[in-house]
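Visitor: Please show the model, and let us then discuss it by question and answer.

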Amino acid sequence: MHLGALCFWASRIQPGIQDAALPAPRKDSTMYRSPSPLSEQVRAPLAASLNERLADGLDLHSQIKVAHWNIKGPQFAALHPLFETFAVSLSAHNDAIAERAVTLGGRAYGTSRHVAKASRIPEYQQETVKDLDHVKLLAERFDVYLAGLRESRKLGEQHQDTDTVDLLTGAITEFEKHTWFLRATLGE
């Protein structure tokens, strides 16, 4: 149903509701029940750290897609599908990270507005078109993403959350390989 129709019908039930602003989602410290044996005091900072990685990952995903769409140059045929491979890989990791935060009893925060405020990934130079310029920009951003993943993994290790550590180790391993591809393309 269209939002306008919902407001119309809601106003029939409660006059004046169409003028009321929708409440902003609350971001609080409420933790939900979890199948994890970890205490809530341990799960809360882990979920928060995973949300930081989710913001970085969602931002990085959009930047990879910008590179994928706009690349031009002699290496287009090789890099265009490679960037898509990176985006698909990161999308799967983002989903797993979000679901782990929720499994721990937290929430997953991933709207574009939230990501814009929370991401540590540097802004992407969207005017970039040259193939190797995109490679360099992505390599730099992959390094920042990897540093964040390692921070979160270290927190998981400190709290003996082997499942989160395992999840993050998989993402780290894959993105170290992706970074190697980029750095090798640059001759580094």
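Visitor: Which residue follows helix 3, with a positive phi?

Guide: Helices here are DSSP runs of H or I with at least four residues, and strands are runs of E with at least two, both numbered from the N terminus. The residue that follows helix 3 has a positive phi near 100 degrees, and it is glycine 105.

Visitor: On what basis are such features reported?

Guide: This is a predicted model, in which local features need pLDDT of at least 70 and side-chain atom pairs count only at pLDDT 80 or more, while totals for chains, interfaces and linings use all residues. Residues are numbered from 1 along each chain as its sequence is written, and side-chain values use heavy atoms, with hydrogens and water left out.

Visitor: How far does helix 3 reach from its first C-alpha to its last?

Guide: Helix 3 covers residues 76-103, which is 28 residues. The expected span is 1.5 Å times one less than the number of residues. The computed reach is close to the expected 40 Å, at 40 Å.

Visitor: How many helices and strands does the chain have?

Guide: Along the sequence the pattern reads α-α-α-α-α-α. The secondary structure therefore comes to 6 helices and 0 strands.

Visitor: Which helices each supply at least two residues of the largest nonpolar core?

Guide: A nonpolar core is a set of buried Ala, Val, Leu, Ile, Met, Phe, Trp, Tyr and Cys residues joined through side-chain atoms within 4.5 Å; buried means under 20% relative accessible area, exposed over 50%, and partly exposed in between, with a 1.4 Å probe and protein chains only. The largest such core has 37 residues, and those with the most contacts inside it include Ile64, Phe83, Phe142 and Tyr145. At least two residues of this core come from each of helix 2 (40-70), helix 3, helix 5 and helix 6.

Visitor: How many aromatic pairs are there, and what is the geometry of tyrosine 145 and phenylalanine 175?

Guide: Rings of Phe, Tyr and Trp (its six-membered ring) pair if their centres lie within 6.5 Å; planes under 30 degrees apart count as stacked, over 60 as edge-to-face and the rest as tilted. The count comes to 5 aromatic pairs. Tyrosine 145 and phenylalanine 175 lie 5.3 Å apart, centre to centre, with 75 degrees between the planes, and the pair is edge-to-face.

Visitor: Which distant parts of the chain does this pair link?

Guide: Both partners are buried, since tyrosine 145 has a relative accessible area of 0% and phenylalanine 175 is likewise at 0%. The two residues are 30 residues apart, and the parts linked are helix 5 (residues 131-158), which holds tyrosine 145, and helix 6 (residues 162-185), which holds phenylalanine 175.

Visitor: With which side chain does the side chain of histidine 178 make a polar contact?

Guide: Histidine 178 belongs to helix 6 and is buried at 6% relative accessible area. Contact means heavy atoms within 4.5 Å, and beyond its neighbours within four places in sequence histidine 178 is in contact with Phe86, Ser89 and Phe142. A polar contact is a pair of N or O atoms within 3.5 Å; within protein, one must be able to donate a hydrogen and the other to accept it, and residues adjacent in sequence count only if both atoms are side-chain atoms. At 3.3 Å, the partner is the side chain of serine 89.

Visitor: Is histidine 68 buried or exposed?

Guide: Histidine 68 lies in helix 2. Leaving out residues up to four places away in sequence, histidine 68 touches His80, Phe83 and Glu84. Its relative accessibility is 8%, so histidine 68 counts as buried.
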